[in-house]
Amino acid sequence: MPSPALPVVHVLNGPNLNLLGAREPEVYGHDTLTEIEQMLRDKAATLSLGMVFRQTNHEGTLVDWLHEAHEQNAKAVLLNAAAYTHTSIALLDAIKAIRPPVIEVHLSDPAMREPFRHVSFVGMAAAAQVKGLGARSYLRALELAATLP
Ligand code: DQA
């Protein structure tokens with residue numbers, strides 16, 4: 001008998017996160033996005049979750065991927081929208097339009113940084129926020145996603 005499909009969490013990453021490891025390591029740490037993906041895959045396996053992991057530098061692509069998470073009946077979305085967090089009403093509207101809960105993730109704590117990072121359009125519709133823990137923000141957010149009904 002094939003085992004029933006695992007619940008799937010979509011992990012969506014926005015602009016400049018492809019440069020993690022080299023990009024402002026004093027702010028974002030030394031882990032590359034590929035290393036973060038591997039840590040998350042290991043954790044997802046222990047939590048009996050499937051995982052889709054993606055990165056784009058384009059706002060509309062993030063909107064499309066949020067819609068896909070809905071269409072594919074994802075259990076939850078972890079979204080690090082990077083700078084679009086602070087600018088994108090399109091992402092706010094997309095999060096409000098879809099069923100899967102969205103957990104906002106940041107490596108740094110934007111509230112402790114420049115004032116323009118204090119606004120989060122993502123946070124206005126997200127189910128939860130995990131920030132300021134470096135790569136561990138993603139791991140904590142995945143644990144949180146696993147506890148969602
Ligand atoms: C970030 C914080 C954002 O303010 C910034 O624009 C990023 C990364 C973080 O993970 O700490 O690109 O989302």
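This briefing covers the sheet, a helix packed on it, the salt bridges and the largest pocket of one structure. The model is predicted. Its 5 strands form an open, parallel sheet, and 6 salt bridges are counted. The largest pocket has a volume of about 160 Å³.

**Sheet**

- The strands of the open sheet follow the order β2-β1-β3-β4-β5, and their pairing is parallel.
- The edge positions belong to β2 (50–55) and β5 (128–130), each of which has a single partner strand, so one side of each lacks a neighbour in the sheet.
- On average, neighbouring strands of this sheet are turned by 20° against each other, direction ignored.
- Strands of a sheet pair through backbone hydrogen bonds, in either a parallel or an antiparallel way.
- Strand β1 (residues 8–13) pairs with strand β3 (residues 76–80) in the parallel sense, over 5 bridges.
- V9 has A76 in β3 standing opposite.

**Helix on the sheet**

- Helix α2 (residues 33–46) lies across β1 and β2.
- The direction of helix α2 is at about 170° to β2.

**Salt bridges**

- The count of salt bridges comes to 6.
- A salt bridge joins E143 and K43, whose closest N and O atoms are 2.7 Å apart.
- Because E143 lies in helix α5 (residues 136–147) and K43 in helix α2, this pair ties together parts that are 100 residues apart in sequence.

**Largest pocket**

- The volume of the largest pocket is about 160 Å³.
- The largest pocket is lined by 14 residues, of which Y28, A82, A83, R113 and R117 are the closest to its centre.
- By class, this lining has 6 nonpolar, 5 polar and 3 charged residues.

Notes
Residues numbered from 1 in each chain as written. Predicted model: local features only at pLDDT ≥ 70, side-chain atom pairs only at ≥ 80, totals over all residues. Heavy atoms only, no water. 1 Å grid on protein atoms, 1.4 Å probe; cavity = no way out; pocket = protein on both sides within 12 Å on 5 of 7 lines; lining within 4 Å. Points joined across faces, edges and corners; volume = space filled by probe spheres on them. Nonpolar A, V, L, I, M, F, W, Y, C, P; charged D, E, K, R; others polar. Pairing = 2+ DSSP bridges. Helix = DSSP H or I, 4+ residues; strand = E, 2+ residues; numbered from the N terminus. Axes fitted to C-alpha atoms, helices over the stretch in contact; angles between N-to-C directions. Contact = heavy atoms within 4.5 Å. Salt bridge = Lys/Arg side-chain N within 4 Å of Asp/Glu carboxyl O.
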